[in-house]
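Student: I have a model open and I'd like to learn how to read it. Can we walk through it together?

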Amino acid sequence: MATLDSKIPEGSISEKWTNHKNKINLVNPANKRNIDVIVVGTGLAGGSAAATLAELGYNVKAFCFQDSPRRAHSIAAQGGINAAKNYQGDGDSTYRLFYDTVKGGDYRSREANVHRLAEVSANIIDQCVAQGVPFAREYGGLLDNRSFGGVLVSRTFYAKGQTGQQLLLGAYSAMNRQIGRGKIKMYNRHEMLDLVIVDGKARGIIARNLVTGEIERHSAHAVVLGTGGYGNVFFLSTNAMGSNVTAAWKIHKKGAYFANPCYTQIHPTCIPVSGDHQSKLTLMSESLRNDGRIWVPAKLKDAQAIREGKLKPTELKEEDRDYYLERRYPSFGNLVPRDVASRAAKERCDAGFGVNKTGEAVYLDFAAAIERYGKEQARVKHLDENDSELVKKLGTEVVANKYGNLFQMYEKIVDQNPYVTPMMIYPAVHYTMGGIWVDYNLMTTIEGCYAIGEANFSEHGANRLGASALMQGLADGYFVLPYTIGDYLSKDIRTGEIPTDLPEFEAAENDVRSQIEHLMNNKGTKTVDHFHKRLGKIMWDNVGMARNIQGLNEAITEIAALRDEFYKEVRVPGKATGLNQELEKAMRVADFLELGELFAKDALHRNESCGGHFREEYQTEDGEALRDDENFAYVAAWEYKGKPSEAVLHKEELNFENVKLVTRSYK
Ligand SMILES: Cc1cc2nc3c(=O)[nH]c(=O)nc-3n(C[C@H](O)[C@H](O)[C@H](O)COP(=O)(O)OP(=O)(O)OC[C@H]3O[C@@H](n4cnc5c(N)ncnc54)[C@H](O)[C@@H]3O)c2cc1C
């Protein structure tokens with residue numbers, strides 16, 4: 001059994017990382033040339049890690065299932081990336097970013113990791129600016145910032161609503177330089193299907209070439225997973241459709257503990273579900289909450305009239321609207337953290353105030369912002385600020401400059417003009433805070449196997465504050481892993497190339513081949529999507545925004561039964577010897593069907609509410625999450641024992657020495 005040693009360095013919180021870096025072993029430049037590292041995943045985490053490791057001199061083999069690293073899911077990130085630069089002079093600091101992140105995660109994250117994240121956050125911005133990432137700038141040329149939920153400062157750097165795309169282009173350019181130098185060998189359209197462990201150490205992977213269907217063996221001295229999150233276990237989410245848990249799940253089955261699988265972020269501002277035909281949901285960035293005001297009608301009869309199309313939202317007077325976030329949380333208002341905003345929307349909709357046909361939508365309204373900006377512009381330009389048409393035009397221009405691409409996306413999907421009528425939004429699955437357990441060095445419980453970015457559980461606790469995933473992925477890839485992995489690799493300078501004809505490679509390859517054969521030869525009648533949708537429904541209904549003991553027990557039984565049915569009834573058409581997207585999906589859904597059960601089991605064992613994990617049995621009189629710090633201030637790290645129901649729980653107790661444990665309040 002692997003031990004759960006988080007390896008947090010000694011010393012005060014602000015000195016741990018510096019001291020650690022000063023003490024760990026280094027690999028000299030000549031020796032780096034003799035060391036191979038596999039990086040699976042080339043999103044922001046994997047891409048930045050691959051580029052940096054290659055720049056340092058290691059030989060990197062990088063894998064992704066898309067046709068280019070440039071298409072990783074990270075490209076979808078819209079709103080921005082946090083950094084404690086204090087450019088606004090509004091009181092920000094490393095400590096404040098650390099504090100906000102620990103509090104935002106509802107005191108379920110590891111202090112030492114979060115502090116390190118806050119420390120390196122400022123370096124990320126410098127690194128990306130040096131790469132040419134076009135962050136938004138103010139009139140005077142300085143980098144601009146905006147605010148995200150759960151904080152009282154402006155520390156979010158952004159590039160319109162395309163921050164992820166621009167950051168990924170930066171990492172991708174850095175990777176390309178190394179591909180050109182021959183230091184990164186890029187394996188596009190390759191899917192990792194198993195990890196190879198030799199003498200207790202991760203020494204390679206088995207991957208399928210998705211174009212030819214060939215099964216390949218690849219070896220290295222260490223394996224890094226930057227394979228993203230598993231929100232698609234819910235079928236519908238804001239994640240890219242290809243995002244999946246397979247790589248993480250395969251290493252879990254080989255000995256890597258899976259931490260806090262039930263911590264999922266439900267994002268409050270997504271375009272509501274419109275019917276059964278959908279295969280994906282669309283996010284409307286949190287940045288919109290800087291200027292948009294969230295409301296529902298104050299009276300049930302008005303909500304009903306709106307749902308029936310008899311009343312327009314713009315016809316409702318101010319006093320007939322309920323700006324429920326501003327009412328309930330006067331201090332943070334529309335910028336409360338995502339878990340709080342999501343639950344508040346659900347509460348209003350459950351009470352009958354929803355505004356779309358299904359009753360599952362609230363408004364995000366820009367009318368006040370358009371007027372405010374319009375008047376300001378009229379004043380600046382010495383025009384008539386009482387001319388309402390002019391004010392609307394000027395204000396619309398400002399809003400379009402800030403959020404134009406998001407408004408355009410909304411209009412294309414919903415066919416309504418959000419400059420004129422308020423957007424309709426509803427919470428949707430967005431991000432997974434849980435993931436592979438890693439120690440302070442980002443190593444999993446398998447020696448030589450690392451996990452970075454959304455794939456690991458690390459910094460976000462039970463809820464992720466906006467703009468902190470990009471920060472974490474890039475911190476891991478550019479600034480943390482390149483140091484910590486060197487300490488491990490320093491013991492491998494004389495090992496030499498790892499051969500791929502070892503029995504361990506053969507055994508792992510045979511396992512992959514037999515799984516593929518089983519799926520291809522199954523004589524079922526139902527599609528892979530049929531099972532994925534049913535799994536998603538079980539997850540959303542019982543393990544979604546609100547959970548309770550009965551629903552979770554039902555989910556565990558139903559998922560196990562669905563998994564049995566999947567293996568009997570699934571049909572995978574085509575051949576395994578070439579491109580076969582149904583086969584790819586079948587292998588991913590097979591893993592989701594196991595993860596889903598562990599997910600529910602984790603939610604069931606955590607008899608408290610914290611962050612995005614809301615157990616109906618544990619709430620305050622106001623309906624807020626009720627933590628149990630005495631019994632649950634730990635990371636739940638699950639060890640695989642043959643099947644999800646047999647998984648064994650290991651606890652990493654969390655110590656809060658630098659942040660006072662208090663009831664989280666945003667009032
Ligand atoms: C719509 C949307 C908007 C967002 N906006 C923001 C934002 O504004 N700010 C913010 O901080 N966060 C945001 N997030 C979250 C953030 O985008 C992600 O958490 C982050 O980009 C994840 O990066 P990653 O590198 O860990 O994984 P990903 O970008 O998901 O990359 C995963 C990589 O792993 C590869 N891969 C996976 N499995 C395998 C396998 N088995 N074999 C081979 N390769 C594999 C993929 O090909 C890909 O290259 C947003 C998320 C969504 C969904």
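**Reading the helices and loops**

Tutor: Let's begin with one helix and its cover: the buried residues of H4 are covered by elements that include helix H5 (111–131) and H13. Keep in mind that this is a predicted model.

Student: Which residues of H4 are buried?

Tutor: In H4, which runs over residues 94–104, the buried ones are Leu97, Phe98, Asp100, Thr101, Val102, Lys103 and Gly104. Just past the helix comes Asp106, with a positive phi near 55°.

Student: How should I read a positive phi?

Tutor: The general idea is that most residues other than glycine have a negative phi. Beyond Asp106, there are two loop residues to look up here. Lys160 has a positive phi near 45° and is not a glycine; Arg189, also not a glycine, has a phi near 50°.

Student: Where do Lys160 and Arg189 sit?

Tutor: Lys160 belongs to the loop that joins strand S4 (156–157) to H6. Arg189 lies in the loop from strand S5 (184–187) to strand S6 (190–198).

Student: Why is Lys160 called partly exposed?

Tutor: Partly exposed covers the range between 20% and 50% relative accessible area. Lys160 has 38%, so Lys160 counts as partly exposed. Arg189 has 22% and is therefore partly exposed.

Student: Let's zoom out. How many helices and strands does the chain have?

Tutor: The protein chain has 18 helices and 19 strands. Its C-alpha trace spans about 80 × 55 × 50 Å along the principal axes.

Student: What do I compare the radius of gyration with?

Tutor: Use the value for a compact globule as a yardstick. For 667 residues that would be near 26 Å, and the protein chain has 25 Å, which agrees. As for burial, 61% of the 667 residues count as buried.

Student: And what share of the contacts comes from residues 24 or more positions apart?

Tutor: Such pairs make up 74% of the contacts in the protein chain with a separation of 6 or more.

Student: Show me one pair that is far apart along the chain.

Tutor: Try Ile75 and Gly164. They are 89 residues apart along the chain, yet their C-alpha atoms are separated by 4.7 Å. Ile75 sits in the loop between strand S2 (59–63) and strand S3 (81–82). Leaving out residues up to four places away in sequence, Ile75 touches Arg70, Gly164, Gln165 and Leu168. With a relative accessibility of 26%, Ile75 counts as partly exposed.

Student: Now helix packing. What should I look for first?

Tutor: Start with the distance between the axes and the crossing angle, then list the residues that meet. Take helix H3 (residues 44–56) and helix H13 (residues 469–489): their axes come within 8 Å and cross at roughly 30°. That makes H3 roughly parallel to H13, because angles under 35 degrees count that way. The crossing is right-handed.

Student: Which residues of H3 and H13 meet?

Tutor: From H3 you have Leu44, Ala45, Ser48, Ala49, Thr52, Leu53 and Leu56; from H13, Leu470, Gly473, Leu474, Gly477, Tyr478, Leu481, Pro482 and Ile485. By class, that contact has eleven nonpolar, four polar and no charged residues.

Student: I noticed the spacing along the helices. What's the general idea there?

Tutor: An α-helix has 3.6 residues a turn, so residues three or four places apart point the same way. Now look at another partner of H3: helix H6 (residues 163–181), where the axes come within 9 Å and cross at roughly 35°. The crossing of H3 and H6 is left-handed.

Student: What meets what between H3 and H6?

Tutor: On the H3 side, Leu44, Gly47, Ser48, Ala50, Ala51, Ala54 and Glu55 meet H6 residues including Gly164, Leu167, Leu168 and Ala171. This contact has nine nonpolar, four polar and three charged residues.

Student: Can you give me one more pair to practise on?

Tutor: Sure. Helix H15 (residues 528–543) and helix H17 (residues 581–605) pack at an angle of about 20°, with axes 10 Å apart. H15 is therefore roughly parallel to H17, and the crossing is left-handed. Among the residues in contact are His532, Leu535 and Met539 of H15 and Val589, Phe592 and Leu593 of H17. The classes here are eleven nonpolar, two polar and three charged.

Definitions and conventions. Residues are numbered from 1 along each chain as its sequence is written. This is a predicted model: local features need pLDDT of at least 70, side-chain atom pairs count only at pLDDT 80 or more; totals for chains, interfaces and linings use all residues. Side-chain values use heavy atoms; hydrogens and water are left out. Axes are lines fitted to C-alpha atoms, for helices over the stretch in contact, and angles run from 0 to 180 degrees between N-to-C directions. Helices (H or I, at least four residues) and strands (E, at least two) are DSSP runs, numbered from the N terminus. Angles under 35 degrees count as roughly parallel, over 145 as roughly antiparallel, 65 to 115 as roughly perpendicular and the rest as oblique. A crossing is left-handed if the near helix is turned anticlockwise from the far one by less than a right angle, and right-handed if clockwise. Contact means heavy atoms within 4.5 Å. Ala, Val, Leu, Ile, Met, Phe, Trp, Tyr, Cys and Pro count as nonpolar, Asp, Glu, Lys and Arg as charged, and the others, Gly among them, as polar. The radius of gyration is taken over C-alpha atoms; the globule rule is 2.2 Å times the number of residues to the power 0.38. Buried means under 20% relative accessible area, exposed over 50%, partly exposed in between (1.4 Å probe, protein chains only).
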